[in-house]
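This report describes the surroundings of a bound ligand and the enclosed space within a protein. The sequence and structure are shown first.

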Amino acid sequence: MTDTIDRTGASGTDDPAEELARWLESNWDPDLTVGEWWDRLGNEGWSAPAWPTEWYGRGLSREDAVRVGRVLADHGALGPPGGLGLLLAGPTIVTHGTDEQKARYLKDIVTGQKAWCQLFSEPGAGSDLAGLQTRAVKDGDEWVVDGQKVWTSGGQVADLGMLLARTDADVPKHQGISYFALEMHQGDAIDVRPLKEMTGRALFNEVFMTEARVHDDALIGGLNNGWAVANTTLAFERAGLGAGGGSAAASAATPGTVAGDLDKRAGDFVGRARRGGPGGALGGAEQLILELAKGNGRIGDKVFRQELMRLHTLNELVRFTNLRSKAEREAGREIPGAGNLAKLSMSNILRLSRELGLSVLGGYGTLHAYGDDRKALDEATGNPFAAMITEMALFSPGPSIYGGTDQVQRNIIGERILGLPKEPSNDRTTPFRELPKNG
Ligand SMILES: Cc1cc2nc3c(=O)[nH]c(=O)nc-3n(C[C@H](O)[C@H](O)[C@H](O)COP(=O)(O)OP(=O)(O)OC[C@H]3O[C@@H](n4cnc5c(N)ncnc54)[C@H](O)[C@@H]3O)c2cc1C
């Protein structure tokens, strides 16, 4: 094991939030570059406090890790690197990687030096992820990768990708998949093309791989064991993105060598909201809608008030469920399907927030500012928050799709938690090569 930190018992205090507050007094400096600041934060275990102490973490519970995020925000310091490295790739490598792989990848994740994307979905394999057709063929110490991915969030700024590829087509589909850490900078072999969403942004991309190469030592979790590894990634995705997930603390600066934020002044990103994408404070939307409704008199409408209370109730249910989860965990138990339920709650809350937000805006809700310059819209509507509502409304279908659609979450709850019979299928016994393909 190289270049790792053991800070077991180093704190000298029982409360990590207090320890971080003291550490920030002497370490946070807005004039540092983003890269310098993340280097400090990551190496001290504050970027990923829930990770093990020997791998750039502090071994904290999820609740304490969320509290740590709040301390950073309250202090006015830049939060840890956002994106899929810290949210998905890191925890997956902590779980399935060899010590050599942990040493190679984790430090660059917690210090934001490298950005990651998730190369899972394909044009013919979304909900049916195990039907993926990108293939990796062994060539000496390397694998040669050919295929197409789609909806790859952050692919345009990624240094590395969590790649799922088929390494054996002669076994049933779940058994012939492997999980690689793919270097994205391979010239023409990896072509990343942005896809524009209806928000006007291009959060995700198509990724074409033509004879791309990945070394055998970048195979995570063993040959043909990719389905198990991918499920770990997806579990972290649900937990992180679901209602009450702890991703809101991540900073507005983008990690990695491509975005160009590492050399910028850290203080300039403080207080800026993250642009688009997963996460965000759901309770914040409720507060915003309430203030807007008070401002334009809509708050007097009885039906509106009733729906606003429904939104409040949903947010409260999430809060209580989180408290219940915490109590269960402390007693050494888990609520079965908590992650799936959290993700479904997030979809419901977002949909209702969209309806309420647009109903408060009325006709103005049909206007949207594309691009970063929202001034014209603010002036036209006289409302500096209108663009936040329309942005949320236009993005609102996304969360009920990514990380497994609402319908797929319900299937999982039905089959794996309630024990309902699975749909009849031969795809667990028939070799992938012989199955009918989606496209
Ligand atoms: C904003 C956003 C970001 C994303 N980022 C990424 C990313 O970074 N990396 C990545 O790999 N992917 C990403 N995705 C892709 C996402 O994971 C897929 O869109 C999702 O898994 C659904 O797959 P699909 O689009 O192929 O839809 P399909 O699987 O074709 O589904 C179409 C419809 O059929 C329903 N359906 C399908 N199968 C079943 C079933 N068995 N039972 C009931 N209903 C079913 C679905 O619920 C859906 O309503 C992103 C998607 C979005 C919207």
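## Ligand shell and internal cavity

Of the 16 residues around the ligand, those that come nearest are Ser 121, Ser 127, Trp 151, Thr 405 and Gln 407; a residue belongs to these surroundings if one of its heavy atoms lies within 4 Å of the ligand. The model is predicted: local features need pLDDT of at least 70, side-chain atom pairs count only at pLDDT 80 or more, and totals for chains, interfaces and linings use all residues. Residues are numbered from 1 along each chain as its sequence is written, and side-chain values use heavy atoms, with hydrogens and water left out.

The shell comprises five nonpolar, eleven polar and no charged residues. Here Ala, Val, Leu, Ile, Met, Phe, Trp, Tyr, Cys and Pro count as nonpolar, Asp, Glu, Lys and Arg as charged, and the others, Gly among them, as polar.

Polar contacts to the ligand (pairs of N or O atoms within 3.5 Å) include the following.

| Residue | Protein atom | Ligand atom | Distance |
|---|---|---|---|
| Gln 118 | backbone N or O | nitrogen | 2.8 Å |
| Trp 151 | backbone N or O | nitrogen | 2.9 Å |
| Ser 153 | polar side-chain atom | nitrogen | 2.7 Å |

On its own the ligand has 970 Å² of accessible area, of which the protein covers 67% (Shrake-Rupley method, 1.4 Å probe).

The structure holds one cavity of 30 Å³ or more. On a 1 Å grid over the protein atoms alone, a cavity is a set of points where a 1.4 Å probe fits but cannot get out, and lining residues have an atom within 4 Å of a point. Grid points are joined across faces, edges and corners, and a volume is the space filled by probe spheres set on the points. The largest cavity has a volume of about 30 Å³, and its lining consists of Pro 81, Gly 82, Gly 85, Leu 86, Ile 109, Lys 114 and Pro 255. By class, four of these lining residues are nonpolar, two polar and one charged.

How values were computed. Polar contact = N/O pair within 3.5 Å; in protein donor to acceptor, adjacent residues only side chain to side chain. 1 Å grid on protein atoms, 1.4 Å probe; cavity = no way out; pocket = protein on both sides within 12 Å on 5 of 7 lines; lining within 4 Å.
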